[in-house]
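Work through the exercises below with the sequence and the model open side by side. Each task is followed by a solution that goes step by step.

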Amino acid sequence: MRYMATFGCHKNHIFDKNGEIIGMDIEKISNMILIYSLDADADEKIINIIKNTKDYIESKLKEYNIPYLFIEVNPYEFKINVKNFRKYIVPKTIINLTGGKRIVGYALFYAAILEKENIEKVFYVSKLGKIIEFPLIPPDIKLTEFEMKILDLLDKEKELSISDIAHKLKKSLSTISEYTSQLEKKGLIKKLSKGRKKIVKKII
């Protein structure tokens, strides 16, 4: 799998306290793309901090024997960055948006939405180290009235089984199964198996 990440002044946006790559088993990474940016008026202190972060990342990837590519971008060339980032997204790409300038992360996220079929997951790492996965929802997504009812129901519950939803909305299991499958395709819910039950969880 390809691992793409934005980075800036902090190495712990990509590596945890043990030096492990966040969000993925090292053995599963085939190569990495590391994206960073510098403002034209960046002072020497910032330049050196980012250089040190880059050097640390490079040393760790050499240690793990993972092929890598660093890409420096102009953060404010949004459309160009989206276009170029799309070229680097291959099947089963994982994206870490934690580090670097927000506008660069926005461009990479936008590229991920446009290349949704090739994305394994997109995530952000909180200050406490929690991984927050982002749903890839296209901007032109449309929902039916009944799909909205299912989402409203899931707002009130942490998770529900297909049979629970069918009972609450007074519909057949087959109808609920069909509608939840459509919502899953739209990136709004996940269907999980728990024993013999199909459990539905809302992503966003």
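The exercises that follow treat a pair of helices and then several salt bridges.

The model is predicted, so that local features need pLDDT of at least 70 and side-chain atom pairs count only at pLDDT 80 or more, while totals for chains, interfaces and linings use all residues. Residues are numbered from 1 along each chain as its sequence is written, and side-chain values use heavy atoms, with hydrogens and water left out.

**Exercise 1.** Describe how helix 5 and helix 6 cross, and state which residues make the contact.

*Solution.* Begin with the elements, where helices (H or I, at least four residues) are DSSP runs numbered from the N terminus: helix 5 spans residues 162-169 and helix 6 spans residues 173-185. Next, take the axes, which are lines fitted to C-alpha atoms over the stretch in contact, with angles running from 0 to 180 degrees between N-to-C directions; the two axes come within 9 Å and cross at roughly 110°. Helix 5 and helix 6 are therefore roughly perpendicular to each other, a term that covers 65 to 115 degrees. Then list the contact, meaning heavy atoms within 4.5 Å: helix 5 contributes Ile162, Ser163, Ile165, Ala166 and Leu169, and helix 6 contributes Leu173, Ile176, Ser177 and Thr180. Sorted by class, the contact has six nonpolar, three polar and no charged residues.

**Exercise 2.** Determine which parts of the chain are tied together by the salt bridge of lysine 101 and aspartate 39.

*Solution.* First apply the rule, by which a side-chain nitrogen of Lys or Arg lies within 4 Å of a carboxyl oxygen of Asp or Glu; the side chains of lysine 101 and aspartate 39 meet at 3.1 Å, N to O. Lysine 101 lies in the loop between strand 4 (93-96) and helix 3 (102-114), and aspartate 39 in the loop between strand 2 (31-37) and helix 1 (44-64), so the pair ties together parts that are 62 residues apart in sequence. By the salt-bridge rule, the count comes to nine.

**Exercise 3.** Is glutamate 115, which pairs with arginine 86, buried or exposed?

*Solution.* Start from the pair: the closest N and O atoms of glutamate 115 and arginine 86 are 2.8 Å apart, forming a salt bridge. Then compare accessibility with the cut-offs (buried under 20% relative accessible area, exposed over 50%, partly exposed in between, with a 1.4 Å probe and protein chains only). Glutamate 115, at 16%, counts as buried, whereas arginine 86, at 32%, is partly exposed.

Definitions and conventions: Helix = DSSP H or I, 4+ residues; strand = E, 2+ residues; numbered from the N terminus. Parallel < 35°, antiparallel > 145°, perpendicular 65-115°, else oblique. Nonpolar A, V, L, I, M, F, W, Y, C, P; charged D, E, K, R; others polar.
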